[in-house]
Amino acid sequence: MEMFLRLPEAVRAALREHGTDRPLARAELGDGGWAVASRSALVVESGGEVTVDREWCDVDRATADPESATITVEWVDGGPPLVLRLVTRGRSSFPQTLRERVQWSVVHAAPVNLPGGRSARVAVRRRANGEMFSQVVGGADLDLSDPSVAAAVDAAEARARSAVGLPE
């Protein structure tokens, strides 16, 4: 609960009202909002409202740029990246906590080589409640209607699921 106490009261109230679980790390944002890394999700509060609440298994990757004090979060669903402009440059536990939570959600991952030189990734991810599931991440050119692409992806997904004991 100490992390909650380090947040402004309006932010704490918005997070409590939203049902956000215990914050592990937080960062003040340049627009006056806050980014919070909780056990289960990345949450962004702005103006007394939660504007982002995404599970760690929704994050494809996140990159931090210490020079510009920004963190860019890319989503597995291909949605627009989230750019967090931090108030504080330098040492902060927020980027490390974000990295650790995303890594915790990845149980197994493997690249998939596809016909035509394209590629994708299959992963088995974990939700905050421990439930495991598989996901396929590919670029806009991933065409699952192509039988050879679908077969390669299906085989890779079956291998990934089998590697962690999930039914194929």
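Let's start at one pair of residues: Ala109 stands opposite Ala123, which belongs to strand S9. The model you are looking at is a predicted one. The two alanines sit where S8 and S9 meet, two strands that run antiparallel and are joined by seven bridges. Strand S9 covers residues 119-126.

Now widen the view to the sheet around this pair. It is an open sheet of three strands, ordered S8-S9-S10, with antiparallel pairing. Strand S8 (106-113) and strand S10 (132-138) form the edges, and each of them pairs on one side only. On average, neighbouring strands here are turned by 20° against each other, direction ignored.

There is another open sheet to visit, also built from three strands with antiparallel pairing, in the order S5-S6-S7. Strand S5 (59-65) and strand S7 (82-85) each have a single partner strand, so one side of each is left without a neighbour in the sheet. For this sheet, the average turn between neighbouring strands is 15°, direction ignored. Six bridges join S5 to S6 (residues 70-75), and these two run antiparallel. Across that pairing, Ala64 stands opposite Ile71 in S6.

Helix H3 (residues 93-105) packs on this sheet, touching S5, S6 and S7, and its direction makes about 15° with that of S6. How far should the 13 residues of H3 span? At 1.5 Å a residue, the expected span is 18 Å, which agrees with the 18 Å between its end C-alpha atoms. Buried residues in H3 are Phe94, Thr97, Leu98, Arg101, Val102 and Ser105. Looking down the axis of H3, you find its buried residues within an arc of 130°, so they line one face of the helix.

Definitions and conventions:
Residues numbered from 1 in each chain as written. Predicted model: local features only at pLDDT ≥ 70, side-chain atom pairs only at ≥ 80, totals over all residues. Heavy atoms only, no water. Pairing = 2+ DSSP bridges. Helix = DSSP H or I, 4+ residues; strand = E, 2+ residues; numbered from the N terminus. Axes fitted to C-alpha atoms, helices over the stretch in contact; angles between N-to-C directions. Contact = heavy atoms within 4.5 Å. Expected span 1.5 Å × (residues − 1). Buried < 20%, exposed > 50% of the residue type's maximum accessible area, 1.4 Å probe, protein only. Arc of directions from axis to C-beta.
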